[in-house]
Amino acid sequence: MALMKVKFDQKKRVKMAQGLWLMNWVSVLAGIIIFSLGLFLKIELRKRSDVMNNSESHFVPNSLIGMGVLSCVFNSLAGKICYDSLDPAKYTKWKPWLKPYLVICVLFNVILFLVALCCFLMRGSLESTLAHGLKNGMKYYRDTDTPGRCFMKKTIDLLQIEFKCCGNNGFRDWFEIQWISNRYLDFSSKEVKDRIKSNVDGRYLVDGVPFSCCNPNSPRPCIQYQLTNNSAHYSYDHQTEELNLWLRGCRAALLSYYGSLMNSMGIVTLLVWLLEVSITIGLRYLHTALDSVPNPEEPECESEGWLLEKSVPETWKAFLESLKKLSKGNQVEAEGADAGQAPEAG
């Protein structure tokens, strides 16, 4: 028994074909939007690739770009099929290809749904990528004379200014690394020597931060050095005067930015997925309604369209049986090939 059977006359079939033609071209525009979103996200990730540990985070933008291109191709073809279905002579050339095409559309919808889910689930991989990337970037902040790393100071400074953040998890991260280049240290100074000797790794560590951590909204001039020394500054208490610096870490700031971006893209992709599912269902009804016309020479007669030719359990059972037959056929072919090789070997 067919599932969700609907009766169609010629007028309904024509309206459905016209409506699907329009929906397909709307979906082509939606595919262009998905492609553009993927391209935009890829560019945004490329901008800050210096503070990211690896390229795994590019899976989602690459998937969006690919699905956008496929959406444009599939929906352009579906629009052509819907347009030709108004003419019985033109429809006959598409008839043998419609079933395989609908199967491909179902697979496309499944993949599109998974890509939409990936947009919401990207945060975890991005967080670990940023944690390691920012840590390495801060480590190379002082290497302004080292080829391949001389740009890192500018990158980190612009990042902290743009996203109003400081350090990886917070401004105290700068206390744990030497971010001042040896080129600008006076090694004849007793204070510099004492600081280097007091550290096991021979690094020059200070309770200070780069200028890009300064918060311009602070009412007093920015305090960058001796942040934990209250006596070094007039009317200062480092427990309460942290408004001088950005308190949020850059990892949290970038995660918030990319998270909101990915959530928006995920919602748009889900809406496009709903449109694609509606088009696939409509194409199935149009295909079955045109195939079940009793007399093709009388287009005005009624026909029936359905979503599935059998019930869901029967359809699933038939699908499993076809898979078993396919696997058995492959085994028989393999055995036949082995039997053919044995006499030849003898």
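**Exercise 1. State how many nonpolar, polar and charged residues line the second largest cavity of this predicted model, and identify the residues and helices involved.**

*Solution.* By class, seven nonpolar, four polar and one charged residues make up the lining of the second largest cavity. The model is a predicted one.

Step 1. The lining consists of Asn-24, Phe-74, Asn-75, Ala-78, Tyr-101, Cys-105, Phe-108, Asn-109, Glu-276, Ile-279, Thr-280 and Leu-283.

Step 2. Glu counts as charged, whereas Phe, Ala, Tyr, Cys, Ile and Leu count as nonpolar.

Step 3. At least two lining residues come from each of α2 (59-84), α3 (88-139) and α6 (250-291).

Step 4. The volume of this second largest cavity is about 60 Å³. The structure has three cavities of 30 Å³ or more.

**Exercise 2. Determine what geometry the aromatic pair of Phe-74 and Phe-108 has, and which helices it links.**

*Solution.* Step 1. Across the whole structure, a search finds 10 aromatic pairs.

Step 2. In the pair formed by Phe-74 and Phe-108, the ring centres are 5.3 Å apart and the planes make an angle of 90°. Planes over 60 degrees apart count as edge-to-face, and the pair is edge-to-face.

Step 3. Phe-74 belongs to helix α2 and Phe-108 to helix α3; the two are 34 residues apart, and the pair links distant parts of the chain.

Step 4. Both Phe-74 and Phe-108 are buried. Phe-74 and Phe-108 are also among the residues lining the second largest cavity.

**Exercise 3. Characterise the pair of Tyr-141 and Trp-179: are the two residues buried or exposed, and to which aromatic cluster do they belong?**

*Solution.* Step 1. Tyr-141 and Trp-179 form an edge-to-face pair, at 6.2 Å centre to centre and with 70° between the planes.

Step 2. This pair, too, links distant parts of the chain: Tyr-141 is in the loop between α3 and α4, and Trp-179 is in the loop between α4 and α5 (190-197), 38 residues apart.

Step 3. The cut-off for buried is under 20% relative accessible area. Tyr-141 has 4% relative accessibility and therefore counts as buried. Trp-179 has a relative accessible area of 8%, so Trp-179 is buried.

Step 4. One aromatic cluster is formed by Tyr-141, Trp-174, Trp-179 and Tyr-225.

**Exercise 4. Compare the span of helix α4 with its expected value, and state which helices its buried residues pack against.**

*Solution.* Step 1. Helix α4 covers residues 152-163, which is 12 residues. The expected span is 1.5 Å times one less than the number of residues, which for α4 comes to 16 Å.

Step 2. The end C-alpha atoms of α4 are 16 Å apart, in agreement with the expectation.

Step 3. The buried residues in α4 are Met-152, Thr-155, Ile-156, Asp-157, Leu-159, Gln-160 and Phe-163. An α-helix has 3.6 residues a turn, so residues three or four places apart point the same way.

Step 4. These buried residues pack against α3 and α6. Just after α4, Lys-164 adopts a positive phi of about 55°.

**Exercise 5. Classify Lys-15 as buried or exposed, and place this residue within the overall chain.**

*Solution.* Step 1. Lys-15 lies in helix α1 (residues 10-47). Exposed means over 50% relative accessible area; Lys-15 has 55% and is therefore exposed.

Step 2. Lys-15 and Leu-86 are separated by 71 residues in sequence and by 9.7 Å in space, C-alpha to C-alpha.

Step 3. The protein chain has seven helices and two strands, in the order β-α-α-α-α-α-α-β-α along the sequence. Of its 346 residues, 39% count as buried.

How values were computed. Residues numbered from 1 in each chain as written. Predicted model: local features only at pLDDT ≥ 70, side-chain atom pairs only at ≥ 80, totals over all residues. Heavy atoms only, no water. 1 Å grid on protein atoms, 1.4 Å probe; cavity = no way out; pocket = protein on both sides within 12 Å on 5 of 7 lines; lining within 4 Å. Points joined across faces, edges and corners; volume = space filled by probe spheres on them. Helix = DSSP H or I, 4+ residues; strand = E, 2+ residues; numbered from the N terminus. Buried < 20%, exposed > 50% of the residue type's maximum accessible area, 1.4 Å probe, protein only. Contact = heavy atoms within 4.5 Å. Phe/Tyr/Trp six-rings, centres within 6.5 Å; stacked < 30°, edge-to-face > 60°.
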